[in-house]
Structure formats: C-alpha cells, structure tokens
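Here is a friendly walk through one protein model, with a few stops at individual residues along the way. Please keep the 3D view open as you read.

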Amino acid sequence: MIACARAGTLNELIGNADAPLREALLKDWEIWARDDQLPPEGAWRNWLILGGRGAGKTRAGAEWVLGVALGRKRFGESARQIALIGETLADVREVMIEGVSGLLSVHTRSERPDWEPSRRRLEWPNGAVAYAFSADDPESLRGPQFDAAWCDELCKWRRADATFDMLQFGLRLGKQPRATITTTPRPVPLLKRLLADPLTVVSRAATKANAFQLAPQFLEQMLARYAGTRLGRQELDGELIEARADTLFPRERVEKARVEVHPPLTRIVVAIDPPVSSREGADACGIVAAGVDDDGKVFVLADESATGLSPLAWASRVISLYRKLDADRIVVEVNQGGEMARVVLSETDASVPISEVRATRGKVLRAEPVAALYEQGRVSHVGSFPLLEDEMADFGADGLSHGRSPDRLDALVWAITALVLMPREATPRMRSL
C-alpha cells in the first residue's frame, strides 16, 4: 500500500478494492499521516504534539492510542492500561472518544473498542483498556496504573500541574511507559517544564498543514483576520508566544498568586461586559465572577465568557453562575446595549440584584488600578482560566495586540472594581434593578 501511494496508484487500488479492503486502506494511518503525526523513534517518555487549531493533533493522538492498544510495530511497545485525560470528562467523551477524529472513528469496525460510557472505559477485543479522566479531578488518578496515556489540550487544564504530576505516579507499567500530549501551545509553566525535559520529543504543525481536511473558507478567513498577530501565531501557527513586554498583567505574577481554594468570602459578584451583537465574529460576552475576603483580598472564581450567545443565553448563563456561587450582586456595563441588558436580565430573573456601571474612561485606564492590585499580591485566581489569562497577558498600553475588544478582561476589571476599588458609599449611585 505504501509503495502504491508513492507510485501514485493508490486511488486506483482503493477504487478496485472490496468494501473491507477499502475500509482497511482508508483507515491505514501510516499511508495518510504527515510525518509530524507519526510517533518519533527513540527512548522518549513524552511526545508533545504542538499545533494550531485544526492541525490534526486530535487525530494523531487517537491514532497513537490505537497503535499502542493494538500493538502496531510502528508505535512501539504495546499498551494494556491507557489513561485518556481531557480538560473535562465531557471533552474526553465528545472529542477524544466520540469526536470526528476520536478513537471510535479511527478504527475499522472489526478492531473498534467497546465504549462503556457509564464506566468511562474503552475495551479492545485483545483486552487492552483505556479509562477516561478529567483534569479537573487529579485525585481520580491516585491508585490506577498505566503503561500509556493521552493528554489532550493540556494548556487548557485548570489544574494542570496537579493532574500531570498525579499521572506520573501511575504511569509505571511495562518496559517503557509513555504519554502523548496534544495541545495548542500557551506559555503555561507545565508546558515549559515539558519542553525543557530531555525525555520529551516535540512535533509541530500549523493549521495550514491540514488545509485539505478543513472547511474551504475557514483557513482563508482565519488568515485574513489573524495572520501575523500574536493570537494568530499561537492559534494558527502553533507557536509558543510569551507575554508581551509591556503587558499590565505578567503571567508570572498571576502564577505566583494562584491558589487551589479560597478562604470564606464576604462578598461575591458576577460581572458582565455584554456584546452589542450575537452574530458570528462579534465580541464575546465577558462573564467573570470574583469575591473578596475580610482582609480585602480578591479571589477570581470563574470565567464563563463566551461568543455567539444570544441575549437570553448569556443572561441565563449569568444567572446560573450567580446562583451556583451564591453571589451577592450582578454588575453589568451599560455603555452599549444598556437597556437591552437591563431588560433581559430582569426578564430572566427579576429577583436578582443588578447594578449598572458606566465606563467614563478608556479600557487601559480602567485596568491600571486592577493591575496594581495584582502587583501588590491582592488578587489570586482560584484554579486556572486559560482564555482569560491569555487576554490579560496580551493586554498592554495600546490594548490587545490584535486590536479586538478585551471582553473577558473588561468583565474581570468590573468585578474587581466593584469589590474593592469603588467606595462602599458610592454603591447606592450604582442603580439597582
């Protein structure tokens, strides 16, 4: 088959094959994979696949698991106990297992494992088993042992270090236990640690390397909007982009103050930076929750920001977060769409106390006092908020490097301002509904 591919006669071979052979040919990853999607040779422990959005990282990860589960020679030592770790259990199921490039789709029918969602496990006909884990629950990895692991979108994990460290204790079976890590890179400490590890090998691919598998206009539209920007270099080219030198919110400062749990809080607010439109490509709806303790220290609790939400959808999300955190108040910016924001929140739940805030200064001037609180060590993030922290690290004296609105950061600024920077006596002037 490989000889036919090299000779340019593979299409003819596939066209003349019967159904079982045709499926086997189309599923033969060694024919179709790019070099960066095939496991490297040598005595590595971590294979780090860094790529842009849609670059084929998930497919490479799924095919590697298939290869080690079925004992394919090209993939090294076979594995019997495999860990599948994603940002959440939903991500493991919907992307790594059931997704279009997930484990169930890459197998032929005769080799496909049996997926038991209730037990969160896959079992192959040869007895190999893979188990699903959430990176939000590192303790679930305490006890099991494995000879292989696939970690997907590691840079999005909220408890990355704790989860990966716990995996290392369990990755102890076989002659050469290994992990494949597929992720779009962000300058998080764990990724830097892996890159510095001599037992890590790295493969890289940009989104354009997988262009033939993507929607025809996707790459053209993304390049037109983001080519050359810091965000484009990270999300499309798969580059590891450090924070800009003039950022108001250095990553190291956020990392240093990060905590796993927070003390009792005296007040909690959910802040919203509502979008003007819900159409595709419009600004995100910034939704950030934070609380303050008796000593005046702020703890960032959640980032539920999202794009493409209708007013009813983001209002429902805000109210749900308010209830989940037992918050005291919702703070909403009303410079644009203020009347709509008041109405939709009131219609969703008229009993929730809502305060309006109006921006009278530019975004940078509003953010500077909040940045000073981070510098003073008076703000901590409870867990990790990758998209929010990416935006913070890219926010400098002229805003974001790609010129778009910092919607998540805006919501963060309003939340912290309402908690500790706005005099309590000024609260009545914030009109409540």
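## The loop holding Asp 326

Asp 326 sits in the loop that connects helix H13 (311-325) with strand S12 (329-333). In this predicted model, its phi is near 55°, a positive value in a residue other than glycine. Is Asp 326 buried or exposed? With a relative accessibility of 63%, Asp 326 counts as exposed, because the cut-off for that class is over 50%.

Another residue that is not a glycine but has a positive phi is Glu 153, at about 50°. Glu 153 also belongs to a loop, here the one between strand S6 (148-152) and helix H8 (160-170).

## The chain as a whole

Let us step back for a moment. The protein chain has 433 residues, and 51% of them are buried. Its secondary structure comprises 17 helices and 16 strands. The chain exposes about 19900 Å², with carbon and sulfur atoms supplying 50% of that area.

How are the contacts spread along the sequence? Taking contacts between residues at least 6 apart in sequence, 70% join residues at least 24 apart.

## Cysteines without a disulfide

How many disulfides does a search of the whole structure find? The count is zero. Two cysteines are worth a look all the same. Cys 151 is buried, at a relative accessible area of 0%, and Cys 155 counts as buried too, at 2% relative accessibility.

## The second largest pocket

The second largest pocket holds about 980 Å³ of space. Its lining is made up of 33 residues, and those that lie nearest its centre are Gly 54, Gly 56, Thr 58, Arg 59 and Ser 101. Sorted by class, the lining has 12 charged, 11 polar and 10 nonpolar residues.

Which helices each supply at least two residues of this lining? They are helix H4 (29-32), helix H5 (57-69), helix H6 (89-97) and helix H7 (103-106). Two of these names come back below, where loops that begin after H4 and H7 are described.

## One cavity

The model contains one cavity of 30 Å³ or more. The largest cavity has a volume of about 70 Å³. Among the residues lining this cavity are Trp 64, Val 68, Phe 75, Asp 147, Ala 148, Gln 176 and Arg 178. By class, its lining divides into five nonpolar, three polar and three charged residues.

Some of these names are useful landmarks for the next stops. Gln 81 touches Asp 147 and Ala 148, and both of those residues line the largest cavity. Ala 43 is in contact with Gln 176 and Arg 178, which also appear in the cavity lining.

## Gln 81 and Ala 43

Gln 81 is found in strand S2, which covers residues 81-86. Its relative accessible area is 24%, so it is classed as partly exposed. Leaving out residues up to four places away in sequence, Gln 81 touches Val 129, Tyr 131, Gln 145, Phe 146, Asp 147, Ala 148 and Leu 173. Gln 81 and Tyr 131 are 50 residues apart in sequence, and their C-alpha atoms are 7.9 Å apart.

Ala 43 is placed in the loop between H4 and strand S1 (46-51). Ala 43 is exposed, with a relative accessible area of 62%. Not counting neighbours within four places in sequence, its contacts are Gln 176, Arg 178 and Leu 199. The C-alpha atoms of Ala 43 and Val 201 are separated by 9.4 Å, while the two residues are 158 places apart along the chain.

## Two buried residues: His 107 and Arg 366

His 107 lies in the loop between H7 and strand S3 (114-116). Although His 107 is in a loop, it counts as buried, at 0% relative accessibility. His 107 and Lys 27 are 80 residues apart in sequence, with a C-alpha to C-alpha separation of 6.8 Å.

Arg 366 belongs to helix H15, residues 363-375. Why is Arg 366 classed as buried? Its relative accessible area is 9%, and buried means under 20%. Beyond residues up to four places away in sequence, Arg 366 touches Glu 333, Ala 359, Arg 361, Asp 410, Val 413 and Trp 414.

Technical notes. Residues are numbered from 1 along each chain as its sequence is written. This is a predicted model: local features need pLDDT of at least 70, side-chain atom pairs count only at pLDDT 80 or more; totals for chains, interfaces and linings use all residues. Side-chain values use heavy atoms; hydrogens and water are left out. On a 1 Å grid over the protein atoms alone, a cavity is a set of points where a 1.4 Å probe fits but cannot get out, and a pocket is an open set with protein on both sides within 12 Å along at least five of seven lines; lining residues have an atom within 4 Å of a point. Grid points are joined across faces, edges and corners, and a volume is the space filled by probe spheres set on the points. Helices (H or I, at least four residues) and strands (E, at least two) are DSSP runs, numbered from the N terminus. Ala, Val, Leu, Ile, Met, Phe, Trp, Tyr, Cys and Pro count as nonpolar, Asp, Glu, Lys and Arg as charged, and the others, Gly among them, as polar. A disulfide is a pair of cysteine sulfur atoms within 2.5 Å. Buried means under 20% relative accessible area, exposed over 50%, partly exposed in between (1.4 Å probe, protein chains only). Contact means heavy atoms within 4.5 Å. Accessible areas come from the Shrake-Rupley method with a 1.4 Å probe; for residues, only the protein chains shown count as cover.
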